[in-house]
Each structure stands twice: as structure tokens, then as C-alpha cells.
Amino acid sequence: MIDCLFCKIVRGEIPSGKVYEDELVYAFRDIHPLRPTHILVIPKKHVASLAHVGPEDEPMLGRLLAVAHDIAVENGSTDGFRGIINTGRIGGQEVPHLHLHILGGPGPVGPMVERE
Ligand code: 5GP
Ligand code: ZN
């Protein structure tokens with residue numbers, strides 16, 4: 001996607017703090033970190049959200065999750081992390097290119113969501 005922010009990051013047209021890359025996914029530091037460790041893992045291929053995946057995306061989705069723990073450890077969250085995938089309006093997704101947030105320590109991330 002020509003105008004997609006995260007596609008531009010994958011193509012190197014916008015600088016990012018890359019922490020990992022393979023043939024399916026790309027990971028970089030969130031520009032406004034909410035925790036000491038805050039990394040985004042995204043597919044290299046443009047996929048708008050989890051509402052837009054198909055069976056052909058299963059290898060990418062598996063990789064997205066499979067690399068998360070090592071990325072968390074290598075970036076300072078050595079004893080666990082939280083993975084979040086905001087999806088669509090209700091999920092509060094702001095950038096329409098699928099991304100896994102890796103939020104981590106050194107301290108605990110805190111409550112999952114506020115109770116209604
Ligand atoms: P969302 O709300 O869509 O789940 O999360 C989007 C995330 O992308 C936010 O945490 C935001 O800080 C991050 N972000 C937005 N624009 C940029 C950018 O240009 N570079 C980087 N590294 N992160 C960005
Ligand atoms: Zn994109």
C-alpha cells in the first residue's frame with residue numbers, strides 16, 4: 001500500500017528503530033512508548049487488521065506470535081510481556097496495518113483493561 005504508514009516503515013521510507021526483521025515480519029520501537037519495552041511487530045505484507053486476514057496469512061500470523069518472546073527478552077522484558085492486537089473501531093486501532101504491541105518491563109505491565 002503506497003500511502004500506508006507502516007508499509008512506508010517496512011520499505012525504509014520512514015525511519016524506525018528496527019529491532020527484528022525476517023521474510024514475513026518486521027519489528028520496531030513504538031514512537032510513543034507506553035512501557036520501557038514497547039515494540040510493534042507487523043507483517044511485511046499490507047494487512048489492514050485481524051478483520052482482514054485469510055487462510056493464506058496463517059504462516060505470517062504464526063511468525064508474528066512466534067518471534068514475540070525473543071524480541072521482548074532482547075529489548076529488556078526478560079520475565080514476560082503483554083501482547084496486544086487492537087482491531088478496528090471497538091479495539092481502538094489507530095494505524096490500519098496489522099500490528100502486535102509487545103509491552104514489557106522491567107516491571108509488571110499492570111491491569112489488562114479497566115473494568116466497565
Ligand atoms: P494502535 O492504536 O493502532 O494499536 O497503535 C498504533 C501505534 O503506532 C501507537 O502506539 C503509536 O504510538 C505507533 N505509531 C504511530 N505512528 C508511528 C510512527 O511513525 N513510528 C512508530 N515507530 N510508531 C508509530
Ligand atoms: Zn500497510
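Which backbone oxygen does the side chain of His97 reach? I opened the notebook with this point and looked it up in the predicted model. The side chain of His97 reaches the backbone oxygen of Pro43, at 2.8 Å.

**Entry 1: His97**

I placed His97 in the loop that runs between helix 4 (88-91) and strand 5 (100-104). I then looked up its accessibility: the relative accessible area is 0%, so His97 counts as buried. Leaving aside residues up to four places away in sequence, I listed what His97 touches: Cys4, Phe6, Cys7, Ile42, Pro43, Lys44, Lys45, His46, Val47 and Ala48. Pro43, whose backbone oxygen the side chain reaches, is thus among the residues touched.

**Entry 2: Val47**

I turned next to Val47, one of the residues that His97 touches. Val47 belongs to the loop between strand 3 (37-43) and helix 2 (58-66). Is Val47 buried or exposed? I noted a relative accessible area of 4%, and because buried means under 20%, Val47 is buried. With residues up to four places away in sequence set aside, Val47 touches His52, Val53, Asp57, Met60, Pro96, His97 and Leu98. I also looked up a separation: Val47 and Glu23 stand 24 residues apart in sequence, and their C-alpha atoms are 15 Å apart in space.

**Entry 3: Ile85**

Leu98, which Val47 touches, led me to Ile85, which touches Leu98 as well. I found Ile85 in the loop between strand 4 (82-84) and helix 4. Its relative accessible area is 26%; since partly exposed covers the range between the 20% and 50% cut-offs, Ile85 is partly exposed. How far apart are the C-alpha atoms of Ile85 and Leu98? I recorded 7.7 Å for this pair, which is 13 residues apart along the chain. The contacts of Ile85, not counting residues up to four places away in sequence, are Leu50, Leu64, Leu98, His99 and Leu100.

**Entry 4: Asp22**

I located Asp22 in the loop between strand 1 (18-21) and strand 2 (25-29). Asp22 is buried, with a relative accessible area of 12%. I looked up two partners of its side chain. One is the backbone nitrogen of Val25, reached at 2.8 Å. The other is the side chain of Arg63, with which Asp22 makes a polar contact at 3.0 Å. Arg63 appears again among the residues that Asp22 touches, which are Lys44, Arg63 and Val67 when residues up to four places away in sequence are not counted. Lys44 is also touched by His97.

**Entry 5: ligand 1**

I then examined the surroundings of ligand 1, which comprise 16 residues; Arg29, Asp30, Glu94, His99 and His101 come nearest. His99 is also a contact of Ile85. I noted three polar approaches to the ligand:

- The side chain of Asp30 has an N or O atom 2.5 Å from an oxygen atom of ligand 1.
- A polar backbone atom of Ile31 is 3.2 Å from a nitrogen atom of ligand 1.
- An oxygen atom of ligand 1 lies 2.9 Å from a polar side-chain atom of Asn86.

How much of the accessible area that ligand 1 has on its own does the protein cover? I read off 84% of 520 Å². Ligand 1 sits in the largest pocket. I checked which elements give two or more residues to the shell around ligand 1, and these are helix 1 (5-11) and strand 2. Helix 1 gives the most, with three residues.

Definitions and conventions: Residues are numbered from 1 along each chain as its sequence is written. Chains are lettered from A and ligands numbered from 1 in the order in which they are written. This is a predicted model: local features need pLDDT of at least 70, side-chain atom pairs count only at pLDDT 80 or more; totals for chains, interfaces and linings use all residues. Side-chain values use heavy atoms; hydrogens and water are left out. Helices (H or I, at least four residues) and strands (E, at least two) are DSSP runs, numbered from the N terminus. Buried means under 20% relative accessible area, exposed over 50%, partly exposed in between (1.4 Å probe, protein chains only). A polar contact is a pair of N or O atoms within 3.5 Å; within protein, one must be able to donate a hydrogen and the other to accept it, and residues adjacent in sequence count only if both atoms are side-chain atoms. Contact means heavy atoms within 4.5 Å. A residue is near a molecule or strand if one of its heavy atoms lies within 4 Å of it. Accessible areas come from the Shrake-Rupley method with a 1.4 Å probe; for residues, only the protein chains shown count as cover. On a 1 Å grid over the protein atoms alone, a cavity is a set of points where a 1.4 Å probe fits but cannot get out, and a pocket is an open set with protein on both sides within 12 Å along at least five of seven lines; lining residues have an atom within 4 Å of a point. A molecule sits in a cavity or pocket if more than half of its atoms lie within 2 Å of its grid points.
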